[in-house]
Amino acid sequence: MYNEVVFSRCYAEAYLHTLQLCKTHSNDEDCTLGTINIIQPQCMEFISALAAGNQAKLMVQVTSDQGINPLTIALAVAAKHTKARFVCILHQLQDIENYRAQLSCYGLEDAVELVYGNPCEVIMEFKNIDFAAIDCKFEGFLRLFEIIDVNIRGSVVVVSNIPERRIRASFGEVIKGRTGVECVTRSIGEGMELTRIGLMNCCKPQKKWFKRFHVITFED
């Protein structure tokens, strides 16, 4: 019962916080990155709420050459509410100070660790990741699928900017090859998939769980 109460509270707080940021800054020209507004509604509230509700302790995001994006904001909100560690890996020598200023615009500068380096090398420093976000615009995303160390007892991986014509395996297909691990993958938006990972027989009951939140968040 206690865990359910914590999940509900953290889920609701992160969801509403992200939703409020979307409304507050949707037309704020001072809180943009270049010509792209960082906050976009879509399914960011759901992702933030899911990370917070699951009490993820370690969250890692791999960005493309565009730098921080709406997923960064969503996970930063979750980290702020749960005091989790959130690492955002930038794979090009981008203006980190500018990104910190953008995060400051939303009061999230202290919730994100911005790290520069080759994601395929930097990701190796983190073990038992509870929540990960991978941008498929990063050329080495397939390699990341193979080497990322997720918490097999319960974790979530969001993959964005999935190519329209997929030639190789998705993250869910790759993770299924690991002994004793099962997963459930669902599409949560255009070019986005969410995979929930768990030990053998742990993920099967979650199919209804995914369906329930999918309906609440995107169809109602």
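In this predicted model, contacts in the protein with a separation of 6 or more are accounted for to 70% by residues 24 or more positions apart. Of the 220 residues of the protein, 53% count as buried, and the area that the protein exposes comes to about 11300 Å², of which carbon and sulfur atoms supply 49%. The secondary structure comprises eight helices and nine strands.

Among these elements, strand E7, which spans residues 155–160, was examined with respect to its burial and its strand partners. Six of its six residues fall under 20% relative accessible area and are therefore buried, so that E7 is largely enclosed by the rest of the structure. This burial applies to both directions in which the residues of E7 point: Ser-155, Val-157 and Val-159 point one way, whereas Val-156, Val-158 and Ser-160 point the other way, and all of them are buried.

Strand E7 pairs with strand E6 (residues 131–135) in the parallel sense, over five bridges, and within this pairing Asp-135 stands opposite Ser-160 of E7. The connection between these two strands involves helix H6 (residues 141–147), which together with E6 and E7 makes a right-handed β-α-β unit.

A further pairing joins E7 to strand E9 (residues 192–199), again through five bridges, but here the strands run antiparallel. In this pairing Val-157, one of the buried residues of E7, stands opposite Thr-195 in E9. Strand E7 thus takes part in a parallel pairing with E6 and in an antiparallel pairing with E9.

Terms used
Residues numbered from 1 in each chain as written. Predicted model: local features only at pLDDT ≥ 70, side-chain atom pairs only at ≥ 80, totals over all residues. Heavy atoms only, no water. Buried < 20%, exposed > 50% of the residue type's maximum accessible area, 1.4 Å probe, protein only. Helix = DSSP H or I, 4+ residues; strand = E, 2+ residues; numbered from the N terminus. Pairing = 2+ DSSP bridges. Right-handed = clockwise from strand over helix to strand, strands pointing away. Contact = heavy atoms within 4.5 Å. Areas by Shrake-Rupley, 256 points an atom, 1.4 Å probe, with all protein chains shown as cover.
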